[in-house]
Every structure is written in structure tokens, then in C-alpha cells.
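Subject: Structure handover

Hello,

Here is the structure we talked about handing over. Please open it alongside this message.

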Amino acid sequence: MPGLEIVSRSSLLTWMAFVPLIGAAAIIALPRASRGAHRWVALTTAAVPLLLAIQLFLTFDRATPGIQFSTQAEWIKSFNIQYFVGVDGISVTMVLLTALLSFLCIIASWGIEKATKGYFALFLLLETGMLGVFISLDFFLFYVFWEVMLLPMYFLIGIWGGPRREYAAIKFFLYTLFGSVLMLLALIALYFNVKDPVTGGHTFNMLAMMNQANHSAWLLNSGVRHILFLGLFVGFAIKVPIFPFHTWLPDAHVEAPTAVSVILAGVLLKMGTYGIFRVCYPMLPDAARWFSVPLAILGAINIVYGACVAMAQTDMKKLVAYSSVSHMGYVCLGMAVFNEAGFTGAMMQMFNHGCITAMLFLMVGVIYDRTHHREISGFGGLMMKMPRYSSLFSLALFAALGLPGLSGFVGEALVFVGAFRVYQTVTIISGLGIIIGAAYVLWMLQRVFLGPLNPKYEKLPDISLREMLSAVPIAVIVVLLGVYPPPIIDMIKVSLVNLLRHIPA
Amino acid sequence: MNLRWSDTVYFLPEAVMALTFVVCVVLDIIARGRRNRLTVLALWSGTVLSLALALADPPRGSHPIFGQMVVVDPFAHFFRVLFLIVTMLVTAMSYSSREIMGEDREHKGEYYSFLAALCFGMMVMAESTDLLMLVLSIELVSVISYIMAGYARFSLRSTEASLKYVLYGSVSSGVMLFGAAIFFGLTGQTGFVAISAKLAALPAQQTGLALLVATLFVLAGIGYKISAVPFHFWTPDVYEGSPTPITALFAAGPKAAGFALLIRFFYTTLVQQTHGVEGLRVVEQIQWPWLLALMSAVTMTYGNLAALRQQNIKRMLAYSSIAHVGYLLMGFVLLTEAGLQAILFYLIVYAIMNLGAFLVVIALNNRVGSEDIDDYAGLSSREPLVAVAMTIFLLSLTGLPPTAGFIGKFYLFAAVVKSGMWWLALLGVMNSVISLYYYMRIPKAMYFASTQETGGLGLARAHIVILVLLALPVVLLGLYWSPFKAMADESLRRLLWG
């Protein structure tokens, strides 16, 4: 579709990743007091990646499995580090999710009054980091983007967060850094043991790393591969977060301001699973196969344990946070089965959970802004007072419990279809997660929206236009993909099949 | 020993610094300690002249001069440029520090003349190729360091620091001298190259124990200079007690000089270069890489763990500097080219980020007169630029991209991984994670905590300019570092391959 091209194919990804950075610089140059300007600059700059992501989504050739929209340039010659970006179907969906959620989060952050300059500048820096991770094809570049994200996140939680924000911020930072340094060692080891097919030297090129023919004899040793796999896996698993590395999540998600929780749950968690798909699986496929059973079991633990803990929460945001642990478990289970249905389900679940959990956090934020608490037991009967809000929230909740017709169902169903053939027991146990999930969702729905109205909230205003603007686009996607998932499935299908072919049986 | 006049050509930058010292002293006597501006100007122009001379004619090969007492080669050149730049920066930092230039301070002129002498000493340290010069240059640097640590005479902390420094310093110097004596006894030579040749001729059984003891003793002397565990005990007290600009200098200057000496001494005296990784052939029964690796591991872990509990930022940075010595030693342990290149690159980065951090400490100290981490509360709203710069320095010290500190650490870890010493690399990265916790305490105070204090710190414009000049390269070198890396690599080539 030539009419849709805003910028050329080769420079699109670069613009997309760095326009937010330019926006951040512009915001820093603005005077501290001009709050309105900060917001509008942020909104405009966040709109650019979204438009470009839409162009990417529409013009991406779904039939070819390879990398598209790629650009390659020399960066550090002596160490063969390159600026190498490009996308396949897996990354395009993540890029779209990131650009969309970032844009909507800027709208959702409109009410921020404290130090808007820093807030929006950091937010845009964060967006650059996230987009960069999803488009990098040079491992060094990938790592730099991966780490660049940490700092804005630390400050966004630590300055604009809730009462225990300092603790949550440093905990998040330490956990993630712990994972990343393991990844750093693994990536250095890979560098020294992968031969650049063109020059014969060492390389950080991820595509070269994915081809076993380039691996050195040392790297082909299965013990080494298993250890490297585990190093990378732990780095990514902390982000997902996979049990037992999940304990940073409830703190960070609960203490972060609404928009940052959305980004955390909607995008950052996906970085972990994306990393496994992009790095662990193609580079060390045999080790991935070796680790499949533990991963399936970890996925099941995530599903059931996350759901059980969510059930016990009295704080809405905490409940949503733990539901993320549970839902990311489906992704892990899907990734562990090594068939098309499982992989597709995992990818679908990544995209859909990103949307659904974003909506849930936005909705929790709306009520928190009005009442300044999130205790489930403190509400009741909101349906009568805030009908529009309640229906949006209910839609998100039903999507979260996997109601057919909404997008949450598609991913989960595919994961189960794929997994049942391979691990029957684990799948059946995971099925419990659906039941518990339905229980905590419905129970919360009942306590918050039904029953008698708490007289304190007689005068609660319904959801405002701005708040609607941030949530309704996601609601539309949730419904659309629930009824008609092919837009995403077609996008990822070829890339996933290609990945599967790469992994030995 | 034959001395030639032509030798002095290579020694001009050093000679200029020695002359600067004299000029500063004379100027100070003439001005009777009042018109310090003139002394500072003399020091500044001397340093600039020396730097210009050094850069105008960089040595292309190895020039052993003064009867092979010192050598001017690219390796020494790299360090002398580093020292001159550090001295210039520290001069500027001292000038803006109330601890040095406050109304009630005395002997300000003298202070600057000592800076010149210290710079000269460090330059010679990196050039020594003889046991006599080694001892002499270390002593020169040490004695001036003792004086400078105690510069604030009326401050109890400063006096205590100076005394501790003297006690520890003289003991280690004595031990090192003893080691040097054994070397002389074994070989009858004092020149590094001559010792190396003699040692190669001696059978291992004859030299075994004596050589081990001698090497360990010299290592102790240098270890004290770079504050590696277990020779580090003076560091926290001296760093805390000394006036801040001097602490900054100690962290960036003599430490780098110590590493220069360490590398040169081990490489020209003890390592047979054909042996590569297993190159230390001194005492074959002892696993040198393991011994050094242990030292590196203990140094970084101890430094980081001890830094966790500090409440005084200078003390914290002192322990952090010990930790960084541990990281730097990782590159030395392997005795590979990649490792040494990583050390040199890291020394540049380390100097920049440390000077930057200490510059912020000076700014705070000028205003509140203390160095408690709690004093940093709410700094972000009072001095946003300073807070951002400090955050950049601390991130770089932690080793997070996109800062120079990350690149430096990346090369060190890469060198370790390449040699297959996995446990050390793993310990190194885990230490980075630990260090994040205490470094982040300062941004936490600056950004998350609030304060009753309002208004800026009243910084001089020059202070801000230097701060920006230090913060920018930390970020820029994190994005593009090829030229600096090439420079570091190039200066080693001659040392290693003749």
C-alpha cells in the first residue's frame, strides 16, 4: 500500500525508536512551569511511533519469514558492534503494542501535576528503550536498549509512585539488573564463539548467532549451551516474571503510577517472553528443547499460583498485578510445547494480555483518582453510579477471565490446544487456573460493582472523556481480536513456523 | 651509566612540571601566601605547556633514557597525558573548593606547588624501568600525598588521615624496598630489563622461594598504592579526612600511576611474553593468575560490601574505589593483551566519572560543610543540573549503559570471559548489582526525598562548566568510544611487543 508510507522502509524503525528521544529532549528544553506544553509535546511525539507502527503493521509482508525494514550501519568497528535493526512478525506485534500503549498512557497521564517535565521526558525515554529492544538485531544494541529502560522506570516508580515507592523502585532495579548482568555474560560468551559468516571475525549480529553453523566447537558443547541458555533464561524470566523470580512484580506494579503500571504490565513483561523467543530459542534451540518440561511446569506454577494469590488480594491493583503473573504463565506454557498452536497461542496471549491488563490498570487508576483507595471491600454498587465506567471495567475483567468472544480467550484456548497434546497432566493442572481466574474476577466484579452502593460514593462522577479516550481504543481491539483474531495470527504465523522449523525435534 | 643531553628531549613535559613546581614555590614566597591567583595561573600554564609538549611530540617507539632509569614510550605517554589532564581538572576543582580556598585557609600557594610536584611524581612513576626509580617515584608521590592529605591542619579528621597515611605508607614502602633488595640480591641488577634477562638464565630451583617473596613484597607496595585488599586499610580514612579535591586526585591519579607501575613491572620483569596467559613464569609452582584473581575477587567484594553501610559519601566513594580496583585487577589477572587494554580504557573512564562525582561532593561541601548522604535530599529541585550530572556519574560507576562506565566494564568482563575465568566474571557482574544499591542511595535522596532547604547551591559558573565537561564525555563515551579505545590499545602495543 504505497499511499500509506510516511517514511521509507529502511529508516522507519530508526525514526520510530528515536522520535520519542527527540521529544524528551524538547521537553527538557521547555521551562519547568509550562505543564500544558510538556503534555502536548509528549502526546505529539508519542503519536509519531504509533503512526509509524501502523504503517509498519499495514505494509509488513506477512508471507515472508525473514527480517524486513532492516537497516545496518557500522557502530564500533574494532568490536564489530553494529547498529542493526529490523523486524519480523513477532517483533511487529510487540512494536505495535508498545507504540499503542505508550500513546494511550500519555493520555492517561494527563492528570499528573508533579514535575511534569521530568515525568514526560522519562516516559518518552522509556518508550525509546522499549521500542529499541523490539527492533534490535545486534545483541549489543539490544542489551543497551534493554538497560536504558531501567533508569526511567526506576525514577517513574520512585518519584511518582505510591507510598512504598522507594522500596518498590530499587527492588525492581536490583532484580532486573541481576538478570541483565547474567545476560551480559552470556552475550559476551556468544560473541567470542560466533563467527561472522562474512568477515570471519566475532560478531554480535543476532542473525549470525541464530545459525549454528557459525558456532564454535566450544559453543557446540551441550553442557555449555545449557548453562548459557539458563543464564539468558534467568535474565528474561525475571522480566516475565516466572516463578520464583516474580516477587518484584507486585511491589512495582502496585506502587507505580497508573500509566507506568500499564507499561510495566503491558510491555515490560512481554520483553521477557519476547527475549526468550528472539534470543534463547533461535540461538540455542537444542537447549530450549532440553528445558521445555521445566518451562511447562514453571508456566503451570505461574498460572495456578498467580491465580491463587490474586484471589486472596483485598487491593484491586494487587489483584490485577497477580493476575498478570497468572496470565504470563499461559505464555510460558505455550512456549514450552514447541508446536504451532502453542507458539501462536503464546504470542497471541502476549499481545492480548498487554491490551487487557493495560485496560485493567487504567480502570483501577480511574477509580483510585476519585476515591484515593483501592480496597475492594470499600466499594459496592458502582454499576448504578458509574455505568459507563463499570461496563468498560467489566469488559476488561471478562476479557481477563477468558470469555469467548473477547481476545483473552483466543490465546488461552490456543495454548491449551497446543499443550494438551504434549503435556496432559500439566495442562490439566493449568486448567485450574482458568477456574480460579474466573472466581477472582467474578468475585471482585460482584464486590465492586454489584450490591448496595457505599453511601460515601453518592456523588462519584462517571468516567470522563479523557479517561475514555485512553481506554476505549483498547476495548475496541479486545473485542475485534476476540471475534476475528487473524490480523495478529497472520502477522506472526510465518515467523513462528520458521522458528519452529529451526528447533530440532 | 651514560647520560646524554639528547635524552632530555623526550623528558621535556616532565621537566616542565618540575620547573612549574619550583616556579610555584618561588611565586608563593614572593607573594607571601597572599596572591594565590598568580600561583594557580603558573601551575595552570605549566600544566598546559607540559601537555602541549607531550601531545606535540608523542613517542613513537621506546626511548630508554638517563641510563635506562626511565623509559618514554607510548605506554608512559598515555599515562602522562592522563595525569596532566587530571591535574588540570583538580586544579580547577581546588580553586572552586572552600576547603582549599576558604577565607580561613592558609598556605594556598603551597598547595598548588604540591599539585605540580605530585603530577611530576606520577609521570615518573609510569616511566620507571629501574628498581631505584620505582622506589624513588613511589616515595615522591607518597610523601606529597601525606602532606596533601593533612593539608587542612586544623581539621582533626585531616590530621588523622595524614598520620594514618604516613604509617601505612611507610610500612608498605619498607616492605617494597625489601622486595626490591631481594631482586637485587638475586640478580645483581636494578634495571627491569636486566633483571628479566638474569632471571631467565637462573634455574628455577635456585630462585624459587626468594623470587616469590620478592614479588609478593613488591606487589604489597604497589597494592598499597592502588589500595587493593589486603593493603587498603588506609583508604577510607584518608579519603574521608582529606579535603575533597585531594580525595578526588587520590582516586584518579596515584591509583592510575600504581596500575601503570604494576603493569610495567610485571610485564618487563616477570612475564615471558611468549607464554601468553600462563605467562608469569616467575615461580612455576605458584599459580599466579589464581593468586591475583583471588586478590581481585576479594578486593571488589570487600569494597562493595563495605560501601553498602556508609553514611558519609566520601567514605562510600572510598570503598567504591576499592571495589573498582578489584574490577581493574580482573584485567590484570589474565595477563592478556585484551585485559590490559581494558584496564587502560577503564582508567580513563574511571578518572572522568570519579572526578565528576567528587566535584558534586565539593559543591555540596561548599554549601553545607559536610558530606552526609542525607544532605543530598531534595537536591533535584534545588540544583537540577547538578542532580542530573551526579546521577550520570553514579550510573557510570555502577556500569549501566549508555555510559562510559558500562563500556569500560564491558571490556573488562569481555577479557575475563575470553580467558575462560568464568567464576571471576560472574563475581564481577554480581558485584555490579550490589554496587547499584549503594550508588542509587544518592539519586534516591536527590530525587525521592524532600527537603526544607530552598534555593540553589550558589555555584560558580566555572564549577558548572567543569561539571558539564565531565558529564558529557561520560555519556558520549558510552555511545561512541572507538578513538579512545584505539588510543588505549595503541599505547600498549609497544610495551608488550617491544
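Below is what turned up, going from the whole chain to the interface and then to some helices.

Please note that this is a predicted model.

Chain A overall

Chain A has 21 helices and 2 strands. Its radius of gyration is 22 Å, and the globule rule gives 23 Å for 505 residues. The two values are close, so chain A is as compact as a globular protein of that length. Along the principal axes, the C-alpha trace of chain A spans about 75 × 60 × 45 Å. Of the 505 residues in chain A, 60% are buried. Contacts in chain A with a separation of 6 or more come to 80% from residues 24 or more positions apart.

The A–B interface

How many residues of each chain are in contact with the other? For chain A it is 23 residues, in contact with 22 residues of chain B. Three helices of chain A each supply at least two residues of the side that touches chain B: H5 (139–148), H6 (150–160) and H7 (165–193). H7(A) gives the largest share, with 12 residues. By class, this side of chain A has 18 nonpolar, 2 polar and 3 charged residues.

A helix pair in chain B

Look next at H11 (residues 244–252) and H15 (residues 337–368) of chain B. They pack at an angle of about 170 degrees, and their axes are 9 Å apart. Angles over 145 degrees count as roughly antiparallel, so H11(B) is roughly antiparallel to H15(B). On the H11(B) side, the contact is made by B:Thr244, B:Pro245, B:Thr247, B:Ala248, B:Ala251 and B:Ala252. H15(B) brings B:Ala351, B:Asn354, B:Leu355, B:Phe358, B:Val361, B:Ile362 and B:Asn365. The residues of this contact divide into 9 nonpolar, 4 polar and no charged. One general point helps in reading such lists: an α-helix has 3.6 residues a turn, so residues three or four places apart point the same way.

Helix H18 of chain B

Is H18(B) mostly covered or mostly open? It is mostly covered, with 16 of its 16 residues buried. The helix runs over residues 404–419 of chain B. At 1.5 Å a residue, its 16 residues should span 22 Å. The end C-alpha atoms of H18(B) are 23 Å apart, which agrees. Just after H18(B), B:Gly420 takes a positive phi of about 80 degrees.

Best wishes

Key:
Residues are numbered from 1 along each chain as its sequence is written. Chains are lettered from A and ligands numbered from 1 in the order in which they are written. This is a predicted model: local features need pLDDT of at least 70, side-chain atom pairs count only at pLDDT 80 or more; totals for chains, interfaces and linings use all residues. Axes are lines fitted to C-alpha atoms, for helices over the stretch in contact, and angles run from 0 to 180 degrees between N-to-C directions. Helices (H or I, at least four residues) and strands (E, at least two) are DSSP runs, numbered from the N terminus. Angles under 35 degrees count as roughly parallel, over 145 as roughly antiparallel, 65 to 115 as roughly perpendicular and the rest as oblique. Two residues are in contact if their C-beta atoms, placed from the backbone, lie within 7 Å. Ala, Val, Leu, Ile, Met, Phe, Trp, Tyr, Cys and Pro count as nonpolar, Asp, Glu, Lys and Arg as charged, and the others, Gly among them, as polar. The radius of gyration is taken over C-alpha atoms; the globule rule is 2.2 Å times the number of residues to the power 0.38. A residue is buried if 20 or more other C-beta atoms lie within 10 Å of its own, exposed if 12 or fewer, and partly exposed in between; C-beta atoms are placed from the backbone. The expected span of a helix is 1.5 Å times one less than its number of residues.
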